[in-house]
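Reader: I'm new to reading protein models, so could we go through this one together?
Author: Sure, bring your questions and we'll work through them one by one.

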Amino acid sequence: MLSPLQLASARAALYGCAQSPGFSKALTITSPRLTFRSNTQSKSTRHFYTSTSRRQEESQKSGPDSKSCRHVKEDPYVYQGPLTAAFRRLKIFSLGSFGLATTLSPFILMIQSNLPMNARLALASIALGTSGLSTGLVAWCAKPYVTTMHRFRPDEMGSAEEVELTTYTLTLRPRITKVYDPSFLIETRRPLAKWELADRIALTQNRTDAVGTNVHPAPGQEETVAETRDSKGEIVGRWVVKWEEGGVGICHEVGHIVRYFNVHEELLQ
């Protein structure tokens with residue numbers, strides 16, 4: 001039997017322990033629920049930082065703009081065609097004159113005149129034919145003209161130099177042609193053009209040493225030599241080579257590719 005004094009002392013001691021920081025700390029450590037939360041939080045925190053770091057490393061290694069994925073780098077020099085503005089104005093004038101002739105030709109047939117109908121038809125046909133012929137001639141002459149050209153040099157062994165050439169259609173729509181192997185660009189006999197994509201090529205030791213690719217192509221293997229894209233980046237045509245025995249390649253067109261190019265060679269560096 002405890003005395004009242006001893007009972008009061010025991011109550012005071014128990015009350016003090018419940019209010020002390022050490023008692024709270026002991027509860028935190030011994031409680032399974034708090035210990036589980038603490039361990040879960042620490043593990044989750046370690047896993048979060050580790051996974052983020054690994055993701056960053058993988059994105060740096062496999063990113064589309066990383067240097068490890070690109071084997072070429074752009075040359076700072078950009079070729080600019082000096083007659084770009086002149087060809088643009090010529091196309092606009094040609095399209096305007098053809099549209100005007102198309103619009104006014106029906107009035108030749110409708111207005112009152114002493115000319116017979118056969119003569120009116122002849123005049124309208126001559127006007128449309130002349131305007132259409134001149135517009136087609138302008139389109140044929142200006143089609144291969146290169147307005148800009150970018151050069152991509154290889155930054156490691158085994159990579160080939162690349163060339164990107166921009167031309168415009170009659171309706172002033174850009175056509176961007178990227179040639180993955182400039183050795184396929186040869187001199188052409190087409191008027192108002194300097195280069196063309198070769199339709200036949202044979203591998204030589206000098207070419208394979210300089211390019212570093214296609215040293216021993218398998219017979220029947222096909223490779224894309226050049227691609228033409230529109231303003232939206234969609235491919236509209238390809239130039240494909242099919243290798244035969246002895247390193248001879250026969251090229252053919254897939255889609256609509258720009259094959260001829262007119263450049264000012266004296267401006268090239």
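Reader: How much of residues 92-115 is helix, and how much is strand?
Author: Keep in mind that we're looking at a predicted model. UniProt, in an unreviewed entry, lists residues 92-115 as a "transmembrane region". The end C-alpha atoms of that stretch are 33 Å apart. Its make-up is 79% helix and 0% strand.

Reader: And residues 121-142, how far apart are the end C-alpha atoms there?
Author: The UniProt record gives this stretch the "transmembrane region" label too. Here the chain is 100% helix and 0% strand. From end to end, the C-alpha atoms are 31 Å apart.

Reader: Is F107 buried, partly exposed or exposed?
Author: You'll find F107 in helix α4, which covers residues 84-110. Its relative accessible area is 46%. Buried would need under 20% and exposed over 50%, so F107 counts as partly exposed.

Reader: Which residues form the nonpolar patch on the surface, and what is their accessible area together?
Author: F107 is one of them. The others in the patch are L100, L104, M110 and I111. Together, their accessible area is about 530 Å².

Reader: What distance separates the C-alpha atoms of A85 and T147?
Author: A85 sits in helix α4 and is partly exposed, at 41% relative accessible area. Along the chain, A85 and T147 are 62 residues apart. In space, though, their C-alpha atoms are separated by 9.2 Å.

Reader: Which strand gives the most to the largest nonpolar core?
Author: That core has 22 residues, and L165, L197 and F261 touch the most other members. Strands β3, β6, β8 and β9 each supply at least two residues. With three residues, the top contributor is β9.

Reader: Which residues does L197 touch, if we skip those up to four places away in sequence?
Author: L197 is one of the core residues that touch the most other members. Leaving out its sequence neighbours, it reaches V179, F184, L185, A226, W239, I257, V258, R259 and F261.

Reader: Why do some charged side chains pair up?
Author: Side chains of opposite charge can pair when their charged atoms come close. In this structure, E162 and K178 make a salt bridge at 3.4 Å, N to O. E162 in strand β3 and K178 in strand β4 are 16 residues apart. E162 is buried at 14% relative accessible area, while K178 is partly exposed at 22%.

Reader: How many residues apart in sequence are the parts that D199 and R259 tie together?
Author: The side chains of D199 and R259 meet in a salt bridge of 3.9 Å, N to O. D199 is in the loop between β6 and β7, and R259 is in the loop between β10 and β11, so the pair ties together parts of the chain whose separation in sequence is 60 residues.

Reader: Where do E227 and R238 lie?
Author: These two meet in a salt bridge as well, at 3.3 Å, N to O. E227 is buried, with 10% relative accessible area, and R238 is partly exposed at 31%. As for their places, E227 lies in strand β8 and R238 in strand β9.

Reader: Which residues do salt bridges with shared partners join into one network?
Author: The structure holds six salt bridges. We've already met the one between D199 and R259. Shared partners make one network out of E196, D199 and R259.

Methods: Residues are numbered from 1 along each chain as its sequence is written. This is a predicted model: local features need pLDDT of at least 70, side-chain atom pairs count only at pLDDT 80 or more; totals for chains, interfaces and linings use all residues. Side-chain values use heavy atoms; hydrogens and water are left out. Patches are made of residues with over 30% relative accessible area and no salt bridge: like charges are joined within 9 Å, nonpolar side chains (Val, Leu, Ile, Met, Phe, Trp, Tyr) within 5 Å. Accessible areas come from the Shrake-Rupley method with a 1.4 Å probe; for residues, only the protein chains shown count as cover. A salt bridge is a side-chain nitrogen of Lys or Arg within 4 Å of a carboxyl oxygen of Asp or Glu. Helices (H or I, at least four residues) and strands (E, at least two) are DSSP runs, numbered from the N terminus. Buried means under 20% relative accessible area, exposed over 50%, partly exposed in between (1.4 Å probe, protein chains only). UniProt positions are given in the numbering used here, feature names are shortened, and annotations may be inferred rather than shown by experiment. A nonpolar core is a set of buried Ala, Val, Leu, Ile, Met, Phe, Trp, Tyr and Cys residues joined through side-chain atoms within 4.5 Å. Contact means heavy atoms within 4.5 Å.
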